[in-house]
Amino acid sequence: MSQPPQPGEPEDQVPDPGSSQGQQYQQQPYPQQPYPQQAWYGAQQPPPPSSNKTALWVGLGVLGLVVVVAVVAVTGFVAPGFFLSDSKSKSVVASSPSAPTSSARDTPTQSPVEIPAGRLTMPKRTTPLADPTECAYPASSSGEVPKKATPPAAGPTPASGTMAVTLKTTAGDIGLTLDRALAPCTVANILSLAQQGYYDDTSCHRLGTSGLQMLQCGDPAANGMGGPGYTIPDEVFPELKYGRGVLAMAKTQAPNSGGSQFFMVFGEAQLPPEYTVFGSISDAGLQVLDKVARGGVDEAKGSGDGTGPPKIPVTFQSVAVG
């Protein structure tokens with residue numbers, strides 16, 4: 001239900017037919033030159049003495065030995081491992097570029113996660129919202145309701161000021177700062193859910209470590225389909241950016257379809273400005289997310305897009321406000 005989209009993968013590139021890589025190499029035949037042979041003219045010559053025959057055989061034997069030594073030397077140079085024992089030879093062949101490489105699923109460990117060090121500058125509205133702002137939370141007509149919650153009171157809602165929230169999880173505490181100036185209705189909803197204990201004992205169900213580097217949480221069903229039984233309005237603006245340290249709401253492709261699910265960005269996230277940003281993540285909280293990200297994704301339980309449950313479980317024990 002509520003998942004930010006995964007950026008598309010680049011298409012495979014095909015060599016240009018006009019380039020040297022796209023043209024097939026055509027082998028040219030060697031020039032057929034007649035081998036010069038010596039002709040006999042005049043009367044037949046008498047056979048040479050026997051001593052000359054002996055010298056000829058000795059010369060041919062020496063020439064053959066030289067050829068054998070040359071062949072062995074060239075073979076040992078071109079094919080390393082020729083002179084090794086069987087065990088050493090096998091190790092050389094196995095490490096050669098022509099040996100088949102293991103796929104990511106065959107390797108016991110995943111490649112290291114590359115996480116940018118710098119934070120993204122938090123976006124700001126060029127035109128502030130009216131303070132207070134009118135908010136409404138209509139009942140949801142789609143999705144699962146594994147844990148129903150009471151929506152916040154509709155009507156005027158403060159659109160200025162911040163609120164500190166701490167997610168106490170099994171992986172460590174994650175500090176958040178909710179900004180009402182960015183998304184007053186969303187902040188009111190998150191605070192209401194936290195005070196109702198809605199997030200207690202729920203697990204973060206989706207981790208992305210490449211392309212979309214975020215941890216998605218807030219679904220009591222832990223399958224990405226659950227919500228509180230009502231929806232909240234989108235509070236977006238064109239200047240929205242997503243990157244390390246940003247806290248945003250998840251939603252479906254339909255507008256105004258957010259509920260309880262949110263995602264915490266610890267790295268890169270190339271997304272359109274369609275996901276409500278309502279706060280930031282503390283430095284200590286980012287270190288917890290980095291640890292979870294480096295633990296890897298359980299892709300066997302994922303949806304096939306490279307994301308899935310984190311191998312290091314993140315379960316909310318409680319959410320402290322203030």
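Me: How many bridges pair β6 with strand β8?
Reply: In this predicted model, β6 and β8 (residues 262-269) run in the antiparallel sense. One of the paired positions sets Leu-215 opposite Met-264 in β8. The number of bridges between the two strands is five.

Me: Which residue of β6 is the bridge partner of Arg-206?
Reply: Strand β5 (residues 206-208) runs antiparallel to β6 and is joined to it by three bridges. The two strands form a hairpin with three residues between them, where Gly-211 takes a positive phi near 80°. The partner of Arg-206 in β6 is Gln-216.

Me: Are the residues of strand β6 buried or exposed?
Reply: In a regular strand, side chains alternate between the two faces of the sheet. In β6, Leu-212, Met-214 and Gln-216 point one way, and Gln-213, Leu-215 and Cys-217 point the other way. Six of the six residues in 212-217 fall in one class, so the strand is largely enclosed by the rest of the structure. That class is buried.

Me: Which strands stand at the edges of the sheet?
Reply: The open sheet has eight strands in the order β5-β6-β8-β7-β9-β4-β3-β10, with antiparallel pairing. An edge strand here has a single partner, so one of its sides is left without a neighbour in the sheet. The two edge strands are β5 and β10.

Me: By what angle are neighbouring strands of the eight-strand sheet turned against each other on average?
Reply: The sheet is open, and its strands pair in the antiparallel sense. The turn between neighbours is an average taken with direction ignored. Its value is 25°.

Me: Which residue in β10 stands opposite Lys-168?
Reply: Strand β3 (residues 162-169) and β10 run antiparallel. Five bridges join them. Opposite Lys-168 in β10 is Ser-318.

Me: What angle does the direction of helix α4 make with that of β4?
Reply: Two helices that pack on the sheet are α3 (residues 184-195) and α4 (residues 283-295). Helix α3 touches β3, β4, β7, β9 and β10, and its direction makes about 140° with that of β4. Helix α4 touches β4, β5, β6, β8 and β9. The angle of α4 with β4 is about 125°.

Me: Which element gives the largest share of the largest nonpolar core?
Reply: This core has 42 residues, and those touching the most other members are Leu-167, Leu-176, Leu-178, Phe-262, Met-264 and Phe-278. The contacts of Phe-278 beyond four places in sequence include Leu-178, Leu-182, Val-187, Ile-190 and Phe-262. The largest share, six residues, comes from α3.

Me: Why is the pair of Tyr-198 and Tyr-199 edge-to-face?
Reply: The search of the whole structure finds seven aromatic pairs. The ring centres of Tyr-198 and Tyr-199 are 5.7 Å apart. Planes over 60 degrees apart count as edge-to-face. The pair falls in that class because its planes stand at 85°.

Me: How many residues apart are Phe-262 and Phe-316?
Reply: The two rings form a stacked pair, 6.3 Å centre to centre with 15° between the planes. Both residues are buried. Phe-262 belongs to β8 and Phe-316 to β10 (residues 316-321), so the pair links distant parts of the chain because the separation is 54 residues.

Me: At what distance from the ring centre of Tyr-198 does Lys-147 lie?
Reply: Tyr-198 is buried, with a relative accessible area of 2%. Its ring belongs to a cluster linked by ring pairs, together with Tyr-199, Phe-262 and Phe-316. Lys-147 lies over the face of Tyr-198, and its distance from the ring centre is 5.5 Å.

Me: What separates the C-alpha atoms of Gly-306 and Gly-208?
Reply: Gly-306 is in the loop between α4 and β10, and it is partly exposed at 33% relative accessible area. Beyond four places in sequence, Gly-306 touches Leu-207, Val-297 and Glu-299. Gly-306 and Gly-208 are 98 residues apart along the chain, and their C-alpha atoms are separated by 6.9 Å.

Note on methods. Residues are numbered from 1 along each chain as its sequence is written. This is a predicted model: local features need pLDDT of at least 70, side-chain atom pairs count only at pLDDT 80 or more; totals for chains, interfaces and linings use all residues. Side-chain values use heavy atoms; hydrogens and water are left out. Buried means under 20% relative accessible area, exposed over 50%, partly exposed in between (1.4 Å probe, protein chains only). Helices (H or I, at least four residues) and strands (E, at least two) are DSSP runs, numbered from the N terminus. Two strands pair if DSSP finds at least two bridges between them. Rings of Phe, Tyr and Trp (its six-membered ring) pair if their centres lie within 6.5 Å; planes under 30 degrees apart count as stacked, over 60 as edge-to-face and the rest as tilted. A charge sits over a ring if NZ of Lys or CZ of Arg is within 6 Å of the ring centre and within 35 degrees of the ring normal. Axes are lines fitted to C-alpha atoms, for helices over the stretch in contact, and angles run from 0 to 180 degrees between N-to-C directions. Contact means heavy atoms within 4.5 Å. A nonpolar core is a set of buried Ala, Val, Leu, Ile, Met, Phe, Trp, Tyr and Cys residues joined through side-chain atoms within 4.5 Å.
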